[in-house]
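This note concerns the aromatic side chains of the structure shown below. Please read the points alongside the sequence and the model.

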Amino acid sequence: MASSVDSTALKLSQLGINADFASSVPNLKKNLHLLSAEQVDLVKILLEMGQTHLFEHWPEPGVDDNEKKAFFDQVARLNSSYPGGLASYIQTARGLLADSKAGKNPFDGFIPSVPTGEVLTFGDDSFISFEERGVKEVRKAAFVLVAGGLGERLGYNGIKVALPAETTTGTCFLQSYIEYVLALQEASNKLAGESQAEIPFVIMTSDDTHTRTLELLESNSYFGMKPTQVKLLKQEKVACLDDNDARLAVDPHNKYRIQTKPHGHGDVHALLYSSGLLKNWLDAGLRWVLFFQDTNGLLFKAIPASLGVSATRDYHVNSLAVPRKAKEAIGGITRLTHADGRSMVINVEYNQLDPLLRATGFPDGDVNNETGFSPFPGNINQLILELGPYIDELSKTGGAIKEFVNPKYKDASKTSFKSSTRLECMMQDYPKTLPPSARVGFTVMDTWLAYAPVKNNPEDAAKVPKGNPYHSATSGEMAIYRANSLVLRKAGVQVADPVKQAFNGQEVEVWPRITWKPKWALTFSDIKSKVSGKCSISQRSTMVIKGRNAYLQDLSLDGTLIVNAVEDAEVKVSGSVQNKGWALEPVDYKDTSVPEEIRIRGFRINKIEQEERN
C-alpha cells in the first residue's frame, strides 16, 4: 500500500498542490496513482477551476478504475476541442452567466443603423452581370455545408441532408448541392479555358450525423464528385453547466461522465482553422469560402450572383439576405456603432432588434419603409468570406466565435437553472470580432428565389399564423416549383398560374412541378439561351429536364414530360405534349403506412402517364 501513498505524494508535488488543497478531494487523492502525467495536468485544471465536485463520488482504487480513466479521456477531448481549453470555456461561461443573471444587454452603448449592401432584382442587366462574374469566380471557391442536425424537428428520423428536396425526382438535399457544385465547377473551368480546378466541398458533421453522412456519400458514389474533393469535419460537443459558478454538470446516466450538448454551428470556423484546410486552399490560389446550411433547396439559385457581388465589391464578408417585414421572426442584418468607436455589421435577432431601435432614438422601433419592408434585411445564414482576410482573422482568434448562454432559470431570483445549460455560438457571428476597416456587406435577393428552409414538422407548421412562412417539407418543395416556374416565366414561357391547395393543414400555392438538373442551367442567361418560340405549360403539368443540351422550342405541355439527354446529345423539345400526367394525392402525416419523407409533406405523387424524350 505504501507504494500507492508514495506515488500519490509524488503526483501532488508534481501538481504543485499542497496537502490541504488535496484533502478537499480525498477520493481523488486516493486515485491519483492511476493517472498518467497528462491526466494529472487535467486534474490540476479542473481543481483550479473549482470543479472538485466531479470527484466527490469516486470510490477506492480498484473499483471502476477503467471508468475513471474513461472520464479523463472525455476531459482530454473537451479540453483539446475548445480554443483555449476547458479553463477558457469555464472562465468565459462565468462571465456570460454573470451578465445573464444581471440582465446585461449585449448591445449596450451601440447605435443601430442600416449597413451598405446590394439589393438585386432577378433577371435585370445588373443581376445577369453579377451572375456571370460569380460563375467566373467560383473555380476559386470552396463550399462548406453545415450539417450537424438530425431531422427530428421535422418529424423525420434520418439526417436532414438525406431528405428529398422535392419528390418529383426524389433528389435529396446533399445530391442537389453536390450536383450544383459540379455544374458550377464545369461552367467556371470552361470560361477559364481549362478543366483542372476542383472545387473543395467540406461538410461539418456531428456525432449524430457523421456516420450516416459518410454512408449516404459512399452508397451513392459521392453523387458524382471525386471522394478526394469531399472532406468531413466532425464537431465535438461542449460541457454542460449546472449553475452560475459554471460547475460542470455530471451526466445523469453516468457519474464518470460530464454531460455534454452541441455548441452550435459557429464551431465550423475553429474546425476549418485547426484542420489546416484554409492554408492549403490559399496556397492553391483559392479566394472565397461559401458557407451554407442543410435544407434550403433554393440556395444555389442565389449563389452565382452573390459571389459576383463579393468579387465586384471586394467584400471580406457578404451575408446573403432576403427582404424582411418589420418584426418578422428572422434576424436583421444591422450595423452597430459604439460610442467608443467600435463598429460591426452583424445579424441581430428579431426579438432584440425592435427594443434596440426603440432604446436608441427610433420611437417606432422596427417598421417597414416605403418599399413595404424593414430597411434591415433578413439574414438567411449563408455567408461568403474572402479567404485571405478570413485566415488573418482566425490566426488571431483561433476560430473562436463570440458565444452566448441561454439558461432557463427556475425563478426570478436567477440563482438556479431548471436544467443544465451550455455556451453556444453561431456561424453568422463571425464578423463580431472584425476591425471596423473590414468590408462587410450583404446581398438581398427575392425570397421566392433564394430562401425556403425546411425546419418545421407538420403540426408546428400548421400553427404558423396566416401569411407567415411555414418552413416545412411541404412549403419547401412547393417553393422549388414556384421558383422554377417564375424563372421560366421571366424567360418568356407562358406558365399557368398556381392553384391553392391544403396539405397537412398548410395552404400552399401549387405551381406546375418543374425541375431541372443544375447542368441544364445555372444562371438566367443559361435559361434564356435554352428557351425559344412560344412555349406554354399548364398548371397540372410536370416537366423534368435531366440532360445538358435540351432546348425548349414552341413547346405546349399539358401533362408530364421527362427529357433525358446523354452527355453531349442535343434534344430539341417542341410540339404539343398532352397526357394524363402525374397527380398530387393527399396523405395524412399520421398515417404510419406511408414513408416518413412522404407523409411530412402531406402528399404523394401518383405517376399515371408521362412522355419521355430521349
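Is Phe72 buried or exposed?

1. The model under review is predicted. In it, Phe72 has a relative accessible area of 1%. Because buried means under 20% relative accessible area, Phe72 is buried. Phe71 likewise counts as buried, at 1% relative accessibility.

2. A search of the whole structure finds 24 aromatic pairs. One of them joins Phe71 and Phe72, whose ring centres lie 5.0 Å apart. The planes of these two rings meet at 85°, so the pair is edge-to-face; the cut-off for that class is over 60 degrees.

3. A further pair is formed by Phe122 and Trp448, with 5.4 Å between the ring centres. Their planes stand at 75°, and therefore this pair is also edge-to-face. The contact links distant parts of the chain, as the two residues are 326 residues apart. Phe122 belongs to the loop between strand 2 (118-119) and helix 7 (125-137), whereas Trp448 lies in helix 15 (residues 447-450). Both Phe122 and Trp448 are buried.

4. Ring pairs also build a cluster. Its members are Phe143, Phe173, Tyr177, Tyr180, Phe201, Phe292 and Phe300.

5. Charged side chains are placed over aromatic rings as well. Lys325 lies over the face of Phe373, at 4.7 Å from the ring centre. In the case of Trp582, the charged end of Lys607 sits over the ring, 4.5 Å from its centre.

Methods:
Residues are numbered from 1 along each chain as its sequence is written. This is a predicted model: local features need pLDDT of at least 70, side-chain atom pairs count only at pLDDT 80 or more; totals for chains, interfaces and linings use all residues. Side-chain values use heavy atoms; hydrogens and water are left out. Rings of Phe, Tyr and Trp (its six-membered ring) pair if their centres lie within 6.5 Å; planes under 30 degrees apart count as stacked, over 60 as edge-to-face and the rest as tilted. Buried means under 20% relative accessible area, exposed over 50%, partly exposed in between (1.4 Å probe, protein chains only). Helices (H or I, at least four residues) and strands (E, at least two) are DSSP runs, numbered from the N terminus. A charge sits over a ring if NZ of Lys or CZ of Arg is within 6 Å of the ring centre and within 35 degrees of the ring normal.
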